[in-house]
Amino acid sequence: MLKFDNVSMRYPEAGDVLRNVSFHLERGEMAFLTGHSGAGKSTLLKLIAVIERCSRGQVLLDGQNLNLAKDRQVPYIRRKVGLIFQDYKLLQDRTVFDNVALPLVIAGYGHHEVSRRVRASLDKVGLLGKERKYPAVLSGGEQQRVGIARAVVNKPPLIVADEPTGNLDPELSAEIMHLFEQFQQVGVTIFIASHDISLISQMNHRVLKLDHGQLVTS
Amino acid sequence: MKHVTKKPLKQEQRWQTKISGGNFVDKFHAYRNLHAHALFSSLGRLVASRFSSAMTIVVLAIAISLASGFYILVANLQQLAGNLEASNQISLFLKDDISEGKASGFANTIRKNPDIQDVKLITKEQALAEFQAYSGFGEAVKTLEKNPLPIVIQVWPKKSLENEQALKALLDDFGRMAEVDFAQMDMQWVKRLQSIMEVARRGVTLLSLLLGAGVLFITANTIRLELHNRRDEVVIAKLVGATNGFIHRPFLYSGFWIGFFSGIAAWFIVTTIMLILKQPVENLSRLYDGAFHVLFLGFTETLALLFISSVLGVVGSWIVLHFQLRQLKPE
């Protein structure tokens with residue numbers, strides 16, 4: 001599903017951020033990406049979302065070489081990746097429903113289809129009944145669930161989360177992680193960057209560890 | 001959607017994403033949905049920020065109404081110039097020894113000239129009758145033993161013969177003809193009016209270009225502010241797979257709505273001004289020959305006004321999107 005092949009990333013001002021990173025996530029696999037701050041976790045995730053392109057090597061998503069993708073293809077690649085962020089990145093002036101509906105509206109779904117899928121997605125994350133609320137009145141855990149609902153509403157084959165529990169307490173974090181496991185069980189590939197070692201160790205999944213831009217365990 | 005990823009999607013997994021509609025009908029529906037969304041969401045935002053929208057629209061409407069107001073002013077002047085035909089008219093006073101039969105033949109010869117629109121022969125008797133009726137000297141004329149008036153041939157040159165030199169040349173040609181005693185035309189009046197019309201026409205063109213540019217840049221600046229206010233939304237939309245088209249569309253529609261509503265407002269401004277001016281102008285006209293009627297913006301002109309202002313709105317926002325949106329990249 002996701003394959004890194006000798007990927008290096010060099011910024012002119014910061015030098016090598018990633019060095020010869022290679023790994024392969026199978027379809028339906030769930031894996032954690034961990035490492036100290038500045039180890040290159042965020043950069044690695046940016047390569048998957050084609051926010052950046054690697055300096056050397058290849059990133060293959062669903063068999064497609066992301067380095068060779070033309071700019072106009074990038075939006076369609078991003079539709080295959082459900083992104084989840086530490087700060088949720090919700091639109092504060094839109095309701096929960098509108099936030100979750102955004103990827104579907106972008107893909108051009110009709111009103112009824114959007115409504116049906118948004119409800120299904122909110123149901124999965126346990127927020128059905130809060131469609132009309134605004135993000136500001138929800139708790140942190142609920143806001144992240146909205147973020148997750150938005151990421152899965154378009155049924156992408158890969159979900160990538162960047163510190164999804166970074167702003168949540170341990171109990172809520174465990175709930176969110178459990179939610180990810182449910183998606184994995186229906187065949188979604190899950191890739192989570194996190195430095196919450198204790199939480200990761202409780203869960204029995206593959207762990208990729210970055211240290212100064214190099215993959216040390218996989 | 002126009003753009004589709006080159007690699008076809010594998011359909012084997014049930015959790016596969018639908019990138020865009022598969023067949024033509026699906027694509028058409030998606031395309032229609034996207035446009036409907038952009039159309040109504042942009043209108044909704046315009047209504048949501050009605051105070052600032054209204055101010056922008058009023059400013060644009062004033063600029064547009066200045067341009068179209070001067071346009072309609074010139075159109076009204078041109079209507080006056082339409083009566084110019086009468087002034088362009090050349091009167092050929094024939095020599096006294098030309099008989100009516102000969103004069104009629106001469107008139108037919110002139111009619112064959114390709115520069116001539118129409119010719120009318122006025123016999124001595126007709127001229128006298130007209131003179132008696134309109135001059136106020138009816139009784140005095142009756143005392144005359146002999147009709148002193150010459151045969152007159154009125155000649156209307158073709159409208160295409162607008163420029164002054166051509167008219168002058170035509171007049172000189174007539175003057176040299178053997179049958180003609182003298183040929184007359186109020187050249188000075190024609191000359192002045194033509195110069196005024198030329199200045200006015202150019203003035204309106206230049207003014208419209210300037211005001212059009214003004215409308216363009218005011219719209220551009222409005223859209224730039226909107227883009228700035230909605231920066232987060234643009235970034236998030238890009239992250240969840242929005243194409244540039246999807247990002248652009250609501251802003252282009254905003255530009256369209258701003259231009260369109262400004263056009264409507266400008267129409268009302270111009271029409272109101274014309275309504276206010278109508279009565280005094282027609283009173284003035286009645287004091288002369290009463291041939292002048294105030295022209296309003298016609299159906300075609302109104303459509304053109306709305307079309308041009310809408311296009312200016314769209315182009316104005318396109319300029320901003322083209323130059324500013326590239327800088328907005330997700331982090």
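**Exercise 1. Helix packing**

At what angle do helix α3 (residues 96-107) and helix α4 (residues 111-124) of chain A pack, and how far apart are their axes? Classify the arrangement and describe the contact.

Solution. The model is a predicted one.

Step 1. The angle between α3 and α4 of chain A is about 125 degrees, and the axes lie 9 Å apart.

Step 2. Angles over 145 degrees count as roughly antiparallel and those from 65 to 115 as roughly perpendicular. The value falls in neither range, so α3(A) is oblique to α4(A).

Step 3. The handedness of the crossing of α3(A) and α4(A) is right-handed.

Step 4. On the α3(A) side the contact is formed by F97(A), V100(A), A101(A), L104(A) and V105(A). The α4(A) side supplies V114(A), R117(A), V118(A), S121(A) and L122(A).

Step 5. Sorted by character, the residues of this contact of α3(A) with α4(A) are 8 nonpolar, 1 polar and 1 charged.

**Exercise 2. Two positive phi values**

Where in chain A do N20(A) and K155(A) lie, and is each buried, partly exposed or exposed?

Solution.

Step 1. Most residues other than glycine have a negative phi. N20(A) has a positive phi, near 45 degrees, and K155(A) also has a positive one, near 50 degrees.

Step 2. N20(A) belongs to strand β2, which covers residues 15-25 of chain A. K155(A) sits in the loop that joins α5 (140-152) to β7 (158-162).

Step 3. A residue is buried if 20 or more other C-beta atoms lie within 10 Å of its own, and exposed if 12 or fewer do. N20(A) has 15 such neighbours, so N20(A) is partly exposed. K155(A) has 22 inside 10 Å and therefore counts as buried.

**Exercise 3. The chain as a whole**

How many helices and strands does chain A have, and why can chain A be called as compact as a globular protein of its length?

Solution.

Step 1. Chain A contains 7 helices and 10 strands.

Step 2. The radius of gyration of chain A is 17 Å, close to the 17 Å given by the globule rule for 218 residues, so chain A is as compact as a globular protein of that length.

Step 3. The C-alpha trace of chain A spans about 45 × 40 × 35 Å along its principal axes.

Step 4. Buried residues make up 44% of the 218 in chain A.

Step 5. Among contacts in chain A with a separation of 6 or more, 70% are between residues 24 or more positions apart.

Terms used: Residues numbered from 1 in each chain as written. Chains lettered and ligands numbered in written order. Predicted model: local features only at pLDDT ≥ 70, side-chain atom pairs only at ≥ 80, totals over all residues. Helix = DSSP H or I, 4+ residues; strand = E, 2+ residues; numbered from the N terminus. Rg over C-alpha atoms; globule rule 2.2 N^0.38 Å. Contact = placed C-beta atoms within 7 Å. Axes fitted to C-alpha atoms, helices over the stretch in contact; angles between N-to-C directions. Parallel < 35°, antiparallel > 145°, perpendicular 65-115°, else oblique. Left-handed = near helix turned anticlockwise from the far one by under 90°. Nonpolar A, V, L, I, M, F, W, Y, C, P; charged D, E, K, R; others polar.
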